[in-house]
Amino acid sequence: MIEHDGKSLLFDVGADVLVFKHNVRALGVDLKATDALIVSHEHCDHIGAISVALHRDLDVYYPASFSSQFKKEIGDERRKPLWTPHPVTDPLTIVPGVRSTGELKGRGGIVEQGLIVDGKEGTVLVTGCAHPGIVGMVKVAADIADRCPQLVLGGFHLLRKKRAEVLEIAAELKGLGVKKIGPCHCTGDRAIATFAESFSQSFIDVRTGVEIVVR
């Protein structure tokens, strides 16, 4: 859940309907008040609970190369759903201060979009799984925003990476200008621990229910 200048946005919804409903209730979130849903990529652990999030007048942003099955379910030109589908190809503004990276291709042809959120102290890049590579996604976000993201958080997909490789990635991110890091989800426990060691006090422990305030 991202709250920015009076707008409420969801970035992905998780895999399990019951878990998602539980977390929404526990956090006191009113899904009917969300302005937009942004889907990073078409894997079940990111879209499985999407039916819970859909409501009248919701804007749904997803990579244009998603399967025909997803487009059929979410709504396409052949039928008019209550919510408004927005297939994304190129970088675009979702609401003022929040932008999509546009479609980025990763290994195995997996297409993913990230989210760039502007703040007074810098930008934030939010990723789903970073299948296109977390370093590459940071570079794209920096080009779009004309400055490197100060905070990068989300899944980095580094489960099989060795410690030395993760340390190298951490060094690359620092070299690009990343100041704070918040890896979670598919990053992997060992990789997360390595990022915590590398970024030290600039590491953010991202867990379900954590609130991060960015000025």
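**A walk through the predicted model, from His-55 to helix α7**

Let me begin with a single residue, His-55, which sits in the loop that connects α3, residues 50-53, with β4, residues 59-63. Please keep in mind throughout that what we are looking at is a predicted model. Although His-55 belongs to a loop, it counts as buried, because its relative accessibility is 12% and the cut-off for buried is under 20%. If we leave out residues up to four places away in sequence, His-55 touches Leu-31, Lys-32, Thr-34 and Trp-83. With Leu-31 there is also a polar approach, in that a polar atom of the His-55 side chain lies 3.2 Å from the backbone oxygen of Leu-31.

The loop between α3 and β4 also holds Asp-57, and here the picture is another one. At 59% relative accessibility Asp-57 counts as exposed, and its phi is near 75°, which is a positive value in a residue other than glycine.

Thr-34, which we have just met as a contact of His-55, leads us to the start of the chain, since Thr-34 is also in contact with Met-1. Met-1 is found in the segment before β1, residues 2-4, and with a relative accessible area of 43% it is partly exposed. Leaving aside neighbours within four places in sequence, the contacts of Met-1 are Ser-8, Leu-9, Leu-10 and Val-29, together with Thr-34. Between the C-alpha atoms of Met-1 and Leu-92, which are 91 residues apart along the chain, the separation is 19 Å.

Leu-92 brings us to the strands. It belongs to β6, residues 92-95, which is joined to β7 by three bridges, with the two strands running antiparallel. Leu-92 itself stands opposite Ser-100 in β7. These strands form a hairpin with two residues between them, and in the turn Gly-97 has a positive phi of about 95°.

A second hairpin is made by β10 and β11, again with two residues between the strands, and their antiparallel pairing extends over five bridges. In one of the pairs, Val-117 has Val-124 in β11 as its bridge partner. Strand β11 is mostly covered, and six of its six residues are buried. On to the next pairing, then: β11 also pairs with β12, in the parallel sense and over four bridges, and here Leu-125 has Val-152 in β12 as its bridge partner. In going from β11 to β12 the chain passes through α5, and this β-α-β crossover is right-handed.

Let us stay with α5 for a moment, which covers residues 134-145. Its twelve residues should span 16 Å at 1.5 Å a residue, and the end C-alpha atoms are 16 Å apart, so the two values agree. The buried residues in α5 are Ile-134, Val-135, Met-137, Val-138, Ala-141, Ala-142 and Ala-145. Where do these buried residues fall when seen down the axis of α5? They fall within an arc of 160°, and therefore they line one face of the helix. Among the elements that cover them are the strands β7, β8, β10, β11 and β12, as well as the helix α6.

Just after α5 comes Asp-146, with a positive phi of about 60°, although Asp-146 is not a glycine. This residue is found in the loop between α5 and β12, and at 69% relative accessibility it counts as exposed.

I will finish with helix α7, residues 189-199, in which Ala-191, Ile-192, Thr-194, Phe-195, Ser-198 and Phe-199 are buried. Those residues cover an arc of only 160° around the axis, which means that they are on the same side of α7. On the other side of this helix, Asp-189 and Arg-190 are exposed. And what covers the buried residues of α7? The cover includes α6 and β13, the latter being residues 180-184. Just after α7, Ser-200 takes a positive phi of about 50°.

Note on methods:
Residues are numbered from 1 along each chain as its sequence is written. This is a predicted model: local features need pLDDT of at least 70, side-chain atom pairs count only at pLDDT 80 or more; totals for chains, interfaces and linings use all residues. Side-chain values use heavy atoms; hydrogens and water are left out. Buried means under 20% relative accessible area, exposed over 50%, partly exposed in between (1.4 Å probe, protein chains only). A polar contact is a pair of N or O atoms within 3.5 Å; within protein, one must be able to donate a hydrogen and the other to accept it, and residues adjacent in sequence count only if both atoms are side-chain atoms. Contact means heavy atoms within 4.5 Å. The expected span of a helix is 1.5 Å times one less than its number of residues. The arc is that of the directions from the helix axis to the C-beta atoms. Two strands pair if DSSP finds at least two bridges between them. A crossover is right-handed if, with the strands pointing away from the viewer, the path from the first strand over the helix to the second runs clockwise.
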